[in-house]
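User: Hi! I have a model open and would like to talk it through with you. Could you pull it up so we can start?

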There are 2 protein chains.
Amino acid sequence: MPTNRDEQAPKPDLRLINQALAMICGKWRLYIILLLGEQTLRYTQLSELLPGISEKVLAGELKALVALGVMKRKAYAEMPPRVEYKLSKKGRLALPVLNQLQEVGQLFN
Amino acid sequence: MPTNRDEQAPKPDLRLINQALAMICGKWRLYIILLLGEQTLRYTQLSELLPGISEKVLAGELKALVALGVMKRKAYAEMPPRVEYKLSKKGRLALPVLNQLQEVGQLFN
C-alpha cells in the first residue's frame with residue numbers, strides 16, 4: 001500500500017544536494033578527496049598516485065576542488081616550484097561521510 | 001610539510017566509489033532516493049512531488065535506479081494501471097549515508 005508522503009519527514013533540499021554532488025561527482029573527484037584524506041601531498045605525489053589521470057584533468061579537478069572550498073592549495077616560492085594540497089577544514093569535516101560512500105558502493109558490488 | 005602517503009590508510013577503491021556515484025550523480029537521482037526514503041510511493045505521487053522533472057526524465061531515472069538495485073518497482077494488474085516504488089533493502093541500508101550528503105552540502109553552503 002502506498003504511504004502518503006510522510007508529512008513529518010522534511011523534504012530533501014535539491015540545492016544542498018546538488019552542492020554536495022558538485023564536490024564528488026565525476027570520474028576522479030571523490031577519489032582524489034579520499035586519496036588525500038587527512039594528509040598534505042605535493043602535486044607530484046598526487047600525480048604518481050593517480051597514474052590513470054592526465055596532467056590536464058588532474059590540474060582541472062584540483063582547481064575545481066580548491067574553488068569549491070574542499071581543498072587548500074599552497075605554493076612555495078622555490079625552484080623547482082613546490083605546490084602542496086590538503087583538505088580544507090570543511091573538507092575534513094565532510095570526510096567521514098564521503099569515506100562511507102565507498103561502503104555504499106560495496107553494498108551494491 | 002607534505003606527509004608521505006600514509007601507508008596504513010587503505011587506498012580508496014575507484015571501482016567501488018564509481019559504483020556509489022552511479023547511484024547518486026545526476027540532477028535528480030539522489031533527490032529522488034531521499035524523497036522516497038522509507039516510503040512506498042506511486043509513480044503519480046512521485047511525479048507530483050517532482051514538478052520540475054519531465055515524465056521522460058523521471059521514468060528514465062526510476063528505471064536506472066531499479067536496474068542499479070537501489071529501488072523496487074511493483075506494478076498492479078489494474079485499470080488504470082498502478083505502479084509503486086520503494087527502496088530495496090540495499091537502498092534502505094545506504095539511506096543514512098545518503099541522507100548525510102545533504103549535510104555535506106550545507107557545510108559548503
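Analyst: Happy to. Let me start with B:Glu61, which is buried, with a relative accessible area of 14%. Keep in mind that this is a predicted model.

User: Okay, and where does B:Glu61 lie?

Analyst: B:Glu61 is part of helix α4 of chain B.

User: Which residues is B:Glu61 in contact with, leaving aside its neighbours within four places in sequence?

Analyst: With those neighbours set aside, B:Glu61 touches B:Trp28, B:Arg29 and B:Ile32.

User: Nice. What does helix α4 of chain B lie across?

Analyst: Helix α4 (residues 55-67) of chain B lies across β2 and β3 of chain B, and it runs at about 115° to β2(B). Helix α2 (residues 29-36) of chain B lies across β1, β2 and β3 of chain B, at about 95° to β3(B).

User: Then let's do the sheet in chain B. In what order do the strands come?

Analyst: It is an open sheet of 3 strands in chain B, ordered β1-β3-β2, with antiparallel pairing. β1 (40-42) and β2 (71-76) of chain B each have a single partner strand and stand at the edges, so one side of each has no neighbour in the sheet. From one strand to the next, the twist averages 25°.

User: How many bridges are there between β2(B) and β3 of chain B?

Analyst: There are 6 bridges, and β2(B) pairs with strand β3 (residues 82-87) of chain B in the antiparallel sense. If you want a register to check by eye, B:Arg73 stands opposite B:Tyr85 in β3(B).

User: Got it. Switching to chain A: how many bridges join β2(A) to β3(A)?

Analyst: β2(A) and β3(A) run antiparallel and are joined by 6 bridges. The two strands form a hairpin, with 5 residues between them.

User: Any partners I can click on? Say, what is the bridge partner of A:Lys74 in β3(A)?

Analyst: A:Lys74 has A:Glu84 as its bridge partner in β3(A). A:Lys72 is matched in β3(A) with A:Lys86.

User: And which residue of β3(A) is the bridge partner of A:Arg42?

Analyst: That is A:Glu84. As for the strands, β1 (residues 40-42) of chain A and β3(A) run antiparallel, joined by 3 bridges.

User: Is β3(A) largely enclosed or left open, and why?

Analyst: β3(A) is largely enclosed by the rest of the structure, because 5 of its 6 residues are buried.

User: I also want to look at the loop after β2. Which peptide bond is cis around A:Pro80?

Analyst: The bond from A:Met79 to A:Pro80 is cis, with omega near -5°. A:Pro80 sits in the loop between β2 (71-76) and β3 (82-87) of chain A.

User: What about B:Met79 and B:Pro80?

Analyst: B:Met79 and B:Pro80 are joined by a cis peptide bond too, with omega about 0°. B:Pro80 is in the loop between β2 and β3 of chain B. For context, most peptide bonds are trans.

User: Good to know. New topic: how many disulfides does the structure hold over all chains?

Analyst: There is 1 disulfide over all chains. A:Cys25 and B:Cys25 form it, with their sulfur atoms 2.1 Å apart. The link of A:Cys25 and B:Cys25 is left-handed, with -95° about the S-S bond.

User: Where do A:Cys25 and B:Cys25 lie?

Analyst: A:Cys25 is in the loop between α1 (14-24) and α2 (29-36) of chain A, and B:Cys25 is in the loop between α1 (14-24) and α2 of chain B, so the pair joins two chains.

User: Are those cysteines buried or exposed?

Analyst: A:Cys25 counts as buried at 18% relative accessibility, and B:Cys25 is buried at a relative accessible area of 19%. The cut-off for buried is under 20%.

User: Last one: how many residues does the contact take from chain A and chain B?

Analyst: The contact takes 53 residues from chain A and 53 residues from chain B. Chain A and chain B bury about 4900 Å² between them, with 66% of it on carbon and sulfur atoms.

User: And how many salt bridges does the rule find across that interface?

Analyst: The rule finds 0 salt bridges across the interface of chain A and chain B.

Methods
Residues are numbered from 1 along each chain as its sequence is written. Chains are lettered from A and ligands numbered from 1 in the order in which they are written. This is a predicted model: local features need pLDDT of at least 70, side-chain atom pairs count only at pLDDT 80 or more; totals for chains, interfaces and linings use all residues. Side-chain values use heavy atoms; hydrogens and water are left out. Two strands pair if DSSP finds at least two bridges between them. Helices (H or I, at least four residues) and strands (E, at least two) are DSSP runs, numbered from the N terminus. Axes are lines fitted to C-alpha atoms, for helices over the stretch in contact, and angles run from 0 to 180 degrees between N-to-C directions. Contact means heavy atoms within 4.5 Å. A disulfide is a pair of cysteine sulfur atoms within 2.5 Å. Buried means under 20% relative accessible area, exposed over 50%, partly exposed in between (1.4 Å probe, protein chains only). Buried area is the accessible area (1.4 Å probe) that two parts lose on being put together, summed over both. A salt bridge is a side-chain nitrogen of Lys or Arg within 4 Å of a carboxyl oxygen of Asp or Glu.
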